[in-house]
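Let's take a walk through this model together. Have the sequence and the 3D view ready, and we will go from the protein–DNA contacts to the way the chains are arranged.

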There are 2 protein chains.
Amino acid sequence: MARDTEKRRLELRETLTDIAERHVREEGTASLRARALANEAGCAVGAIYNVFEDMTGLILSVNGRTFQRMGEYVLKSAADKAPQKPADQLVTIAHAYLNFASENPNLWRALFDVEMPSDREVPAWYLDELGKLFSIIASPLSELNPTADAREIDLLTRALFSSVHGIVLLGLEQRISGVPSEQLEEMIEIVLRNFAASQART
Amino acid sequence: MARDTEKRRLELRETLTDIAERHVREEGTASLRARALANEAGCAVGAIYNVFEDMTGLILSVNGRTFQRMGEYVLKSAADKAPQKPADQLVTIAHAYLNFASENPNLWRALFDVEMPSDREVPAWYLDELGKLFSIIASPLSELNPTADAREIDLLTRALFSSVHGIVLLGLEQRISGVPSEQLEEMIEIVLRNFAASQART
DNA sequence: TTGTCCTGTGAACGATGTTCAATGAGCTAT
DNA sequence: ATAGCTCATTGAACATCGTTCACAGGACAA
């Protein structure tokens, strides 16, 4: 019996995540409604709270999938163009990140829009996924600068990721930056290549 | 009579903006309540809507002040250290931006958190203020690269601003990046100096 | 059949931003 | 001074929202 309900709940979790994912993709996180979800899933509103802690938990579940897909997408992009010089790898990775974000703007934005009540802690897998992204960047960086120790590489990784993230973020917010998306690739390339060039001189 | 009500409304606008600014500074945009504001201002809830289009309009009013103060702060920081070489100017400006953001995290975040209904347009002064920030950056950039045309400078400006913005953004979101704030200055400096060095070689 | 769990239910709750009929203050004309 | 009119202000009412929890009803053991 216990097994049975557990299975049913797992299915409901997945069904709800499916529906929520579609909504977020099409309309963004802000338009998620508990009642609409329950309707489409054919369950009661309360059922959502049997399976998720709250709406934020559901969004985190959607974000889990997005992180997964984004990681695969970036890795595949890098693999498809391998072998490349480290600087080119960085550009490839960053462009893949930009591409994923512009093709899935709402899902991508949801990754960073989650409003966490200060008491609630970020799930461990969330930081894990971010760590994976970082490690993809760290690899060509170490190659580019073999003498740097782990702490330096870590710092550079976060700096570069944040930079590219910022360009993508303000770039997709077209109402703020007004930058056409072709130029975003150029901007990313400028920052990364300038960085790589200086790094090589060291 | 018409003059009188206009004056009264202007005062209410300012009073409400005062109160809202304090709330945002202390608790963030998410904790703004129309009823609480009306209470503290000693007016009816409806009065808010006589003076602002909606809550978003009020937040925009707060953001106007923040933009103002931030612009002055950044300019003053640059002036205090003048004269500097272009690369040093860029670092000074970026550090000032970081400083302002970490000293006023909630107010700063509010600048970019405004959720605009897709139909409503961003106020012109909003883009103006951003333009001012950009021009502060563009100046040392032109000096650094005198042969670049306006379009190139514009691109570089947005790229650098977005990069620094990204570092500040993910840096202040300590639960995501976990980067101590001293290292943020270092990260910014790395990106900017590497950029400036490559630029100088051109 | 009866009794005992336990699970899913959905009406109810407490907030929220926003609206709009009603109030009343202040000005004008007599 | 008084009556009448205009219009800004009001705050109760409305529509929604996420979230809860007393309860109904099904599954299983005795």
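**Where protein meets DNA**

A backbone N or O atom of B:Gly46 lies 3.5 Å from a base nitrogen of DNA strand D. A polar contact here is a pair of N or O atoms within 3.5 Å. This is a predicted model, in which local features need pLDDT of at least 70 and side-chain atom pairs count only at pLDDT 80 or more, while totals for chains, interfaces and linings use all residues. Residues are numbered from 1 along each chain as its sequence is written, chains are lettered from A in the order in which they are written, and side-chain values use heavy atoms, with hydrogens and water left out.

Chain A also reaches the strand: an N or O atom in the side chain of A:Arg35 is 2.7 Å from a base oxygen of DNA strand D, and a polar backbone atom of A:Leu32 is 2.9 Å from a phosphate oxygen.

Now step back to the whole surface. DNA strand D is surrounded by 16 residues, counted when a heavy atom lies within 4 Å of the strand. Among the closest are A:Leu32, A:Arg33 and A:Tyr49. Of the strand's atoms that come within 4 Å of the protein, 60% belong to sugar and phosphate. Helix α3(B) gives the largest share of this surface, four residues.

Finally, look at the two chains. Chain A can be laid on chain B with an RMSD of 0.0 Å by a turn of 180 degrees and a shift of 0.0 Å along the axis, superposed by least squares on C-alpha atoms of residues with pLDDT of at least 70 in both. The two copies are therefore related as by a two-fold rotation axis.

Note on methods. Polar contact = N/O pair within 3.5 Å; in protein donor to acceptor, adjacent residues only side chain to side chain. Helix = DSSP H or I, 4+ residues; strand = E, 2+ residues; numbered from the N terminus.
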